[in-house]
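Welcome! Here is a short tour for someone meeting this structure for the first time. Have a look at the model, then read on.

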Amino acid sequence: MSDEANIIVGLEIGTSKICAVVGEQNGDGTLNLVGLGQSPARGMRKGEIVDVAQAEECVRNAIVEAEQMADVEIRSVYLGVTGAHIRGFNNRGVHPVVSADREISEDDVQDVVKNAKAINLPAENTVIHAVRQHFLVDGHDGIANPVGMFGARLEVDMHVVHGNTNRLQNSVRLVKGLQLEVEEIVFNGLASSLALLTSDQKELGALVIDIGGGTTDYVVYYDGVIKHTGVLAVGGDHVSNDLGHGLKVPLSRAEKLKVEHGSAVVDEAVKGQAVTILNDLGLPLRTVNLEHLQRIMALRLEEIFQIVSADLEQAGFTDYLGAGVFLCGGGARVPNIARLAEPVLQLPVSLGQTNSISGLKSALDQPEFVTAIGLAKFGSLKTRKRKKSAWWPHLPLPWK
Amino acid sequence: MNDKIEFPAAEVAANRSRTIKIIGVGGAGVSLLNTLDADEFAGASRVAINTDAASLAASTATVKIHLETKLLRGLGTGGDPERGKAIAEEQFSTLKNACADADVVLILAGLGGGAGSGISPVLAGAARETGALVLAFVTLPFLCEGNRRQQQAGQSLDQLKTIADGVICLPSQKAFKLIDENTSVLDTFRLTGGLLVEGVRGVWRLLTRPGLIQIHFDDLCALVRHRHSESSFAFVEAAGAGRSREIVEKLLAHPLLDEGRALAESDAVLVSLMGGTDLTMAEVNRVMEQFTRHCEHAQIIMGAAVDAAMKNRLSVTVIASRRGSVAAPAGHLTSAVDAAAPADARGHSSPVAINLNQREQLITRHASRSRKGPRKPVQEQLPLAIVSKGRFDKSEPTVHKGEDLDIPTFVRRGVALN
């Protein structure tokens, strides 16, 4: 049995499946994946809970499975959150340096960060993350650590992710109802990007798009720090729903058709082809035109990328994504999705690979598990920081 | 439906100044009429029609028509539109006289009560018989005013839509989004009234003020005539350097346009820009570019005017007519059936499927009614098949730039699957 103090669990309550990842923190700080539990989700819509009882049961199943596989008892989790209510924006805090010699001290840094966090949010919203981007001293940009520098005016840029308190609390309450502690809530998009991106890619500029069941979360990194986040409450469920509507088949059938015959680009080979749907008794029920199926999917997925692209263009990041675009989430499984996304985003698109984590090879390659793995990684970085902070308090880490 | 409809009266009228009559009907209509600035609307004759003598006495209108019979015993309509309708039909010739010689009749009314709901459709009919273009500006009651008034307002609105050329409708409930918690009742009503008056003013300016890019009377006619649909309208104003961008943002967030959804659904949009002498072509271009993007399927009519008093400010009035309501009066029955056919062919939510049987029924119904004399037959609206949102039916809609993303993409983009 593992030492429970080093166990870190990431729990993602997704729209289509619930996934718990158990990681073990090694002495050198690296994370080793030792357990994985999953359960198909019920009672979820667009990344949020609509039926607490159903969702709770599914979460319990996933947790139990993960506990059995890792042979540990899970006490606390890092919980992933998403939903259309989550927004990200950049904010700048200002602080005048008042000491006589104009040397920037530790206190000044803490003050300026405090100022940047004091943002004007609607009363019902809370901050999920406030990520330090970089400092400015007397207007000079791009300073990572200003302590010891001289200047009259210290500023800091922060990326703030916030969401509706009540809607965030729904999933927290559910997890607490299962006698589990929630260490921290983490935005799913941020977790995915932690699992996928190397520090080189973060430096060059990268976009991570996580196409989940109910939402599409995306995060932009540039200069090594998070620059932009967004949630679009459209995902794989919408694709299935479109298919159900367009092909006039029930949702469960549409879901199956999507998995078996789906493609993000209309395949030349399927033109004029049809598949026969069988009923429960194995008798042919009706036929479905494959070209229609793929066209409906292509239109919906293309629209998702168009909306993301338009948002990035508005924020002015399209030219800063040197490392390209990385896809994850169940939506990344759709065949040819990179071929569809490339012309829309006008950037190289590839499927994301989890890195800097070892163990359970089979889980690491699945795009669906990226978020949960990222949650565990977030936890490991947090605990590592906590341990190290005793002797080196200002370690510049990617999220602060 | 053919937009270039023969309209001899308008062609003649284009050469001379047009006679515009603004008619307030019922208590709300009359008080709205009072709020219209007499100087600004100098060229128009203002007529107040009501069953209630007290409201007429307080009115500043030039012509006041008191509809009174023994039937009402001096008590007004008592909130019953049937009574309002009966008395209006009884005095049809009076109403017709009131509308005589007008090229455009603007009807102001608050629907839901007796007089406004009952008289307006009849008045619209009377005005149309004189050959005028009829535009109705109506408010719908607040939800809190009760079921009955909502129902009455709904019925009356349906009637108006089939009779008047255009109905610009302001559901008061939507104005709730414009007010805050502490707004008094008085201010709220003033606000909803004010919004409607803005609409009247927008149309008034279109018709009377010379513009840089003028909207001709014919354009307005072509836009609304025989369309018989409900229109949404919005008026926004912005000042400063980024005003053209701000205006578009405000419009897309406007509650009366359903946060921009009304624009996406519309098939005819009239945009009137008004700015100071510093209005630049680039600004006009920027605003219009956005409109063309958001109303892809719409026929857009634009106009721009300069008013020296508007220094540094830019205001835009938008009137968007929705597609789908193709119910026409009896005289245009065949065209209504024709209009239904192409919609079917596009496989696009196939709104109305009229088989031969129903068609015959409609025609016989039409024939039997027209024997009754002056009363205009009212064609009932056929139900529209609404695109179902499937599993997202009950969840919070995902709206992006005025589009409901829960509706399948291929439906919104009109991609035909044969």
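Two residues are in contact if their C-beta atoms, placed from the backbone, lie within 7 Å. With that in mind, look at chain B of this predicted model: among its contacts between residues at least 6 apart in sequence, 76% join residues at least 24 apart. For chain A, residues 24 or more positions apart account for 70% of the contacts with a separation of 6 or more.

## The two chains

Here are the two chains side by side.

| Chain | Residues | Buried | Helices | Strands |
|---|---|---|---|---|
| A | 400 residues | 49% | eleven helices | 19 strands |
| B | 418 residues | 42% | 16 helices | twelve strands |

Where the chains meet, 18 residues of chain A and 14 residues of chain B take part in the contact. On the side of chain A that touches chain B, helix 6 (236-247) and helix 8 each supply at least two residues. That side of chain A holds seven nonpolar, five polar and six charged residues.

## A closer look at helix 6 of chain A

Let us stay with one of those helices. Helix 6 of chain A has twelve residues, which at 1.5 Å a residue should span 16 Å, and this agrees with its end C-alpha atoms, which are 16 Å apart. Is this helix enclosed by the rest of the structure, or open? Eleven of its twelve residues are buried, so helix 6 of chain A is largely enclosed by the rest of the structure. Among the buried ones are A:Gly236, A:His238, A:Leu243 and A:Gly246.

What do these buried residues pack against? Within chain A, their partners are strand 12 (206-211), helix 7 (251-261) and helix 8, and from chain B comes helix 16 (409-412). Just after helix 6 of chain A comes A:Lys248, with a positive phi near 55 degrees.

## The nonpolar cores

As a general background, nonpolar side chains in soluble globular proteins tend to be buried together. In this model, the largest nonpolar core has 117 residues, and the members that touch the most others are A:Val9, A:Ala20, A:Val21, A:Val208, A:Leu301 and A:Val325. Helix 8 (residues 290-315) of chain A gives the largest share of this core, twelve residues. Both domain 1 (88-161) and domain 2 (199-352) of chain A contribute residues, so the core lies between them. There is also a second, separate core of 93 residues, which includes B:Ile87, B:Ala88, B:Ile107 and B:Leu196.

A:Val208 is a good place to zoom in. Leaving aside residues up to four places away in sequence, A:Val208 touches, among others, A:Gly189, A:Leu196, A:Tyr218, A:Phe326 and A:Gly352.

## Strands running in parallel

Strand 12 of chain A runs parallel to strand 17 of chain A, and five bridges join them. One of the pairings is A:Ile209 with A:Leu327, its bridge partner in strand 17 of chain A. Strand 17 (residues 324-328) of chain A is mostly covered, with four of its five residues buried. Strand 17 of chain A also pairs in the parallel sense with strand 18 (residues 349-351) of chain A, over three bridges. Here A:Phe326 stands opposite A:Ser350 in strand 18 of chain A.

## Some residues in loops

The loop between strand 12 and strand 13 (216-222) of chain A holds A:Thr215. Is A:Thr215 buried or exposed? A:Thr215 counts as buried because it has 29 C-beta neighbours inside 10 Å, where the cut-off is 20 or more. A:Thr215 and A:Val231 are 16 residues apart in sequence, with their C-alpha atoms 6.7 Å apart in space. Not counting residues up to four places away in sequence, A:Thr215 touches residues including A:Thr15, A:Lys46, A:Thr82, A:Val231 and A:Gly235.

Two other loop residues of chain A have a positive phi without being glycine: A:Arg102, at about 60 degrees, and A:Asn336, near 70 degrees. A:Arg102 is in the loop between strand 7 (87-96) and helix 2 (106-117) of chain A, and is partly exposed, with 13 other C-beta atoms within 10 Å. A:Asn336 lies in the loop between strand 17 and helix 9 (337-345) of chain A, and is partly exposed too, with 17 other C-beta atoms within 10 Å.

Finally, over in chain B, B:Gln379 sits in the loop between helix 15 (356-370) and strand 11 (399-400). B:Gln379 is partly exposed, with 19 other C-beta atoms within 10 Å. B:Gln379 is 216 residues from B:Ile163 in sequence, while the two are 9.7 Å apart in space, C-alpha to C-alpha.

Notes
Residues numbered from 1 in each chain as written. Chains lettered and ligands numbered in written order. Predicted model: local features only at pLDDT ≥ 70, side-chain atom pairs only at ≥ 80, totals over all residues. Core = buried A, V, L, I, M, F, W, Y, C linked by C-beta atoms within 7 Å. Domains from an automatic or database assignment. Nonpolar A, V, L, I, M, F, W, Y, C, P; charged D, E, K, R; others polar. Expected span 1.5 Å × (residues − 1). Pairing = 2+ DSSP bridges.
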